[in-house]
Amino acid sequence: MSGTQATPLQLTQSQNPCFKSSKSVSSTNGSINCFSGRDHESCHVPNPIIDYSMLISNDCLKKSQAINDLNQACLNYGFFTVTNHGIPDSLIGSVMNWLSNFFNQSDEEKRRYDTNDPTDRIRFRWGGRTQRELLHMRAHPTFHCPSKPADSMVLTEYCERMREMGMQLLRGISKSLGLEECYIENKMKLESGYSVFGPNYYPALSQSSDDKNQIGQFPHRDPGLLVLLAQNVGGGLQIEHQKKWLNANFPPSSIFVIVADHIEILTNGKYKSLLHRVALNSKVERMSLPFFFGPSLDVTVKPEPEFVDDHNPPSYRQMTYKAYLESNDHHVIEARANLNQIRL
């Protein structure tokens, strides 16, 4: 696939009603711009911002505003950028360094985790012609990671912080739906929720590459409730919005959040799972750190009664989260989506 990338459009406070200034985020605000193949068409698309400090604030007005922002982001976009989240840049940097050391190990060392054992808690994969590499690690209920490199405690801390953020966001999303704060938490049994940390390594394009916009990961949705994403460089991630592919550029110190399949199922389609892909259009190596925040494996996920009536019958078949992840002979650690197959 070939195309021309439009110049990113920077959003200002007056242009984006969801924008809130943040001291902890780079002065360059996240931006979204259109990408539609060879003939690009730039367009102005708001990039929803959720100020995490407001969401967890004891100030009722600030909290209410953050919940309203969550509603608008989930209802109209299926994604948002979290600022003021309190996760130190130094921690994210340490995780990036650990992963860089892992991916730079010998193929022999990495292939220790390139297996198909049904008891796998860690799985490494190659990405074919794009040379993408991915490492999936079970992060919850118990945490597992490779024995090398050493000092993996930074991964444990990072996953704990991601999980706490995901929990707070889901409490806000519950409130945004007019439900009790712990509605999703209780329905999905998040105390024993199944979460996967799945870093990706994308090499820089070679100078001889004829296609400067080749796809590193084809269009897909993700299972679970939310995907919380950090990355080391801007660019690469593309999202579908109103039948256009948009480049999602967000500051490295912010967290990009994607609404996933089981929010769509639970809300009977009110909040939609986001279709996205990755384009290899960078001259530098890129690492992304998706954290897949999911329900407990034994929970049966279905459209809940609050979202079903005579005019809105159930749009999805009920299924346990484990069965959903294992459909089409996949393993739960792979975190593969299957939404189209359970639509009614």
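Which strands each supply at least two residues of the lining of the largest pocket? In this predicted model, the list runs β4 (122-126), β5 (133-140), β7 (200-202), β8 (214-220), β9 (226-231), β13 (276-280) and β14 (286-293).

That pocket has a volume of about 540 Å³. Its lining takes in 31 residues, and the ones nearest the centre are Arg132, Leu134, His136, Gln217 and His220. Sorted by class, the lining of the largest pocket holds 15 nonpolar residues, alongside 8 polar and 8 charged ones.

Now for the runner-up. The second largest pocket encloses about 280 Å³ of space. Here 14 residues form the lining, with Tyr77, Glu240, Lys272, Ser273 and Leu274 closest to the centre. Two elements, α2 (60-76) and β10 (237-241), give two or more residues to this lining. Helix α2 has the largest share of it, at 3 residues.

Here are the two pockets set out together:

| Pocket | Volume | Lining | Nonpolar | Polar | Charged |
|---|---|---|---|---|---|
| Largest | about 540 Å³ | 31 residues | 15 residues | 8 residues | 8 residues |
| Second largest | about 280 Å³ | 14 residues | 5 residues | 5 residues | 4 residues |

One last stop is a single side chain. Glutamate 109 sits in helix α4 (residues 107-110). Is glutamate 109 buried or exposed? Glutamate 109 counts as buried because its relative accessibility is 14%, and the cut-off for buried is under 20%. Its side chain also has a partner: a polar contact of 2.6 Å links the side chains of glutamate 109 and arginine 112.

Methods:
Residues are numbered from 1 along each chain as its sequence is written. This is a predicted model: local features need pLDDT of at least 70, side-chain atom pairs count only at pLDDT 80 or more; totals for chains, interfaces and linings use all residues. Side-chain values use heavy atoms; hydrogens and water are left out. On a 1 Å grid over the protein atoms alone, a cavity is a set of points where a 1.4 Å probe fits but cannot get out, and a pocket is an open set with protein on both sides within 12 Å along at least five of seven lines; lining residues have an atom within 4 Å of a point. Grid points are joined across faces, edges and corners, and a volume is the space filled by probe spheres set on the points. Helices (H or I, at least four residues) and strands (E, at least two) are DSSP runs, numbered from the N terminus. Ala, Val, Leu, Ile, Met, Phe, Trp, Tyr, Cys and Pro count as nonpolar, Asp, Glu, Lys and Arg as charged, and the others, Gly among them, as polar. Buried means under 20% relative accessible area, exposed over 50%, partly exposed in between (1.4 Å probe, protein chains only). A polar contact is a pair of N or O atoms within 3.5 Å; within protein, one must be able to donate a hydrogen and the other to accept it, and residues adjacent in sequence count only if both atoms are side-chain atoms.
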